[in-house]
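Colleague: I am new to this structure and would like a close look at a single part of it. Could you walk me through the pairings between charged side chains, and then what surrounds them?

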Amino acid sequence: MIVYHGSTVEIKNPDVEHSYRNLDFGKGFYVTSVKVQAERWAKRKADLSGTSTAIVTEYEMRDELKGFAVKEFAGDLSAWIDFVCDCRDGGTDYMKYDIIMGKVANDKVYRVVDMYRRGIWDKVRALQEIKVYETYDQIAFISQKAIDDVLKYSLSYEV
């Protein structure tokens, strides 16, 4: 499978050390199978850092994940929303896994997650709202071994 990472630099050798904050699935190296999503991430990172350089790096992701602790939130939005809230609040349950896959809290979805997280909406309301948004995906590599064994650099390009 081809996956993409959006940034302001080409990343030939990804690592978990440069993850600086708690995201949806904790600290790790994030990729997506959605090319346009990575392009948007790259442009957003460029805007936030005040640079005009937005780079998407492409990787080949090995299909066989045997031997790795993998958490996948296929269609289980109830477990997903609780997991995302825990990670964004600094929880460490994500560290039980090498790779975590699932929906991404893009700008629209993140507003719903935040309303739930702050107790403004209950879970039923939050899950109803999430279902109407376009689905993106994300794959978080939590362990360096998973990155080294599963991802292979292919190319990069500027957007």
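How many salt bridges does a search of the whole structure find?

Modeller: Happy to help! Please keep in mind that this is a predicted model. A search of the whole structure finds eight salt bridges. As background, side chains of opposite charge can pair when their charged atoms come close.

Let us begin with Arg117, whose partner is Asp89; the closest N and O atoms of this salt bridge are 2.7 Å apart. Arg117 belongs to helix H3 (residues 107–117), while Asp89 sits in the loop between H2 and S5, so the pair ties together parts that are 28 residues apart in sequence. As for their surroundings, Arg117 is partly exposed, its relative accessible area being 30%, and Asp89 counts as exposed at 52%. This pair also has company: a network of salt bridges links Asp89, Asp114, Arg117 and Arg118.

Helix H4 offers another kind of example. Here the side chains of Arg125 and Glu129 meet in a salt bridge, with 3.2 Å from N to O. Both residues lie in helix H4, four residues apart, which is about one turn of the helix. The general rule is that an α-helix has 3.6 residues a turn, so residues three or four places apart point the same way. Arg125 is partly exposed, at 35% relative accessibility, and Glu129 is partly exposed too, with a relative accessible area of 22%. Since buried means under 20%, Glu129 at 22% is not counted as buried.

Helix H4, which spans residues 123–130, has buried residues as well: Ala126, Leu127 and Ile130. These three cover an arc of only 95° around the axis, which puts them on the same side of H4.

A further salt bridge joins Asp93 and Lys96, where the closest N and O atoms are 3.9 Å apart. The cut-off for a salt bridge is 4 Å, so this pair, at 3.9 Å, is counted. Asp93 is partly exposed, with a relative accessible area of 39%, whereas Lys96 is exposed, with 57%.

Now for the cysteines. The same kind of search, run over the whole structure, finds zero disulfides. The sulfur of Cys85 is 9.5 Å from the closest cysteine sulfur, that of Cys87, which is too far for a bond. Cys87 is likewise in no disulfide, its nearest cysteine sulfur being that of Cys85. Both residues are hidden from the surface by the numbers: Cys85 is buried, with a relative accessible area of 8%, and Cys87 counts as buried at 1%.

Charged residues turn up in one more place, the second largest pocket. About 230 Å³ of space lies in this pocket. Its lining has 20 residues, and Phe73, Ala74, Gly102, Lys103 and Asp137 are the ones that lie nearest its centre. The lining divides into 10 nonpolar, five polar and five charged residues. Helix H2 (77–88), strand S5 (99–103) and strand S6 (137–141) each supply at least two residues of the lining.

To draw the main threads together: Arg117 and Asp89 tie helix H3 to the loop between H2 and S5, while Arg125 and Glu129 pair within helix H4.

Note on methods. Residues are numbered from 1 along each chain as its sequence is written. This is a predicted model: local features need pLDDT of at least 70, side-chain atom pairs count only at pLDDT 80 or more; totals for chains, interfaces and linings use all residues. Side-chain values use heavy atoms; hydrogens and water are left out. Buried means under 20% relative accessible area, exposed over 50%, partly exposed in between (1.4 Å probe, protein chains only). The arc is that of the directions from the helix axis to the C-beta atoms. On a 1 Å grid over the protein atoms alone, a cavity is a set of points where a 1.4 Å probe fits but cannot get out, and a pocket is an open set with protein on both sides within 12 Å along at least five of seven lines; lining residues have an atom within 4 Å of a point. Grid points are joined across faces, edges and corners, and a volume is the space filled by probe spheres set on the points. Ala, Val, Leu, Ile, Met, Phe, Trp, Tyr, Cys and Pro count as nonpolar, Asp, Glu, Lys and Arg as charged, and the others, Gly among them, as polar. A disulfide is a pair of cysteine sulfur atoms within 2.5 Å.
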